[in-house]
Amino acid sequence: MSLKDQITEDMKTAMRAKDSERLGTIRLLQAAIKQREVDERITLDDAAVVAVLDKLVKQRKDSIAAYEQAARQDLADKEKAEMAVLQAYLPARMGEDEIKAAVQAIAAAFEAENSRKPGAADMGKVMGAAKAQLAGKADMGVVSTAVKAVLAG
């Protein structure tokens with residue numbers, strides 16, 4: 001079953017259970033998926049749906065930080081609940097050690113390809129390769145930090 005089908009089934013389940021919070025979050029997710037499909041005139045596969053999920057989770061994290069800074073715990077709690085529902089659809093994330101190992105392998109491949117050690121000027125190239133390889137599997141903020149550490153060291 002594709003991820004989109006699973007989301008649709010979960011929406012039906014939430015409707016039957018009268019779980020309005022979960023239902024609202026799932027509808028928001030489906031609207032974001034449909035919007036991207038209409039905008040780009042494509043049908044999203046599981047990888048593209050994961051990208052939409054990543055974007056929505058990142059928005060929730062930013063909102064939580066803003067609400068907590070403004071001392072609006074009620075709104076922060078609502079965002080945390082939505083984020084928990086969205087994260088349930090994301091695949092298992094890589095740990096920091098796995099990310100560091102993957103970034104080091106990417107840097108080693110870059111070094112072998114270009115006959116020189118990557119430096120700070122190569123951040124975009126290494127990050128692009130890391131994003132292509134780790135998209136949907138790892139938090140890109142952690143990947144970026146690991147890339148910076150590898151290029152600095």
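Helix α1 passes α2 in a left-handed crossing, a crossing being left-handed if the near helix is turned anticlockwise from the far one by less than a right angle, and right-handed if clockwise. Helices (H or I, at least four residues) are DSSP runs numbered from the N terminus. The model is predicted: local features need pLDDT of at least 70, side-chain atom pairs count only at pLDDT 80 or more, and totals for chains, interfaces and linings use all residues. Residues are numbered from 1 along each chain as its sequence is written, and side-chain values use heavy atoms, with hydrogens and water left out.

Helix α1 spans residues 3-17 and α2 residues 20-40; they pack at an angle of about 150 degrees with their axes 9 Å apart. Axes are lines fitted to C-alpha atoms, for helices over the stretch in contact, and angles run from 0 to 180 degrees between N-to-C directions. On the α1 side, the contact (heavy atoms within 4.5 Å) is made by Lys4, Ile7, Thr8, Asp10, Met11, Ala14 and Met15. From α2 come Arg22, Leu23, Ile26, Arg27, Leu29, Gln30, Ile33 and Glu37. Eight of the residues in this contact are nonpolar, two polar and five charged. Here Ala, Val, Leu, Ile, Met, Phe, Trp, Tyr, Cys and Pro count as nonpolar, Asp, Glu, Lys and Arg as charged, and the others, Gly among them, as polar.

Helix α5 (residues 96-114) has 19 residues and reaches 27 Å from its first C-alpha to its last, close to the 27 Å expected at 1.5 Å a residue; the expected span is 1.5 Å times one less than the number of residues. Its buried residues are Ile99, Ala102, Val103, Ile106, Ala107 and Phe110. They cover an arc of only 140 degrees around the axis, so they lie on the same side of α5; the arc is that of the directions from the helix axis to the C-beta atoms. Buried means under 20% relative accessible area, exposed over 50%, and partly exposed in between (1.4 Å probe, protein chains only). Asp97 and Ala112, on the other side of α5, are exposed. The buried residues pack against α6 (123-134) and α7 (140-152). Ser115, which follows α5, has a positive phi near 55 degrees.

Two loop residues that are not glycines also have a positive phi.

| Residue | Phi | Loop | Relative accessibility |
|---|---|---|---|
| Lys18 | about 55 degrees | between α1 and α2 | 72%, exposed |
| Ala71 | about 60 degrees | between α3 (46-69) and α4 (73-87) | 65%, exposed |

Definitions and conventions: Helix = DSSP H or I, 4+ residues; strand = E, 2+ residues; numbered from the N terminus.
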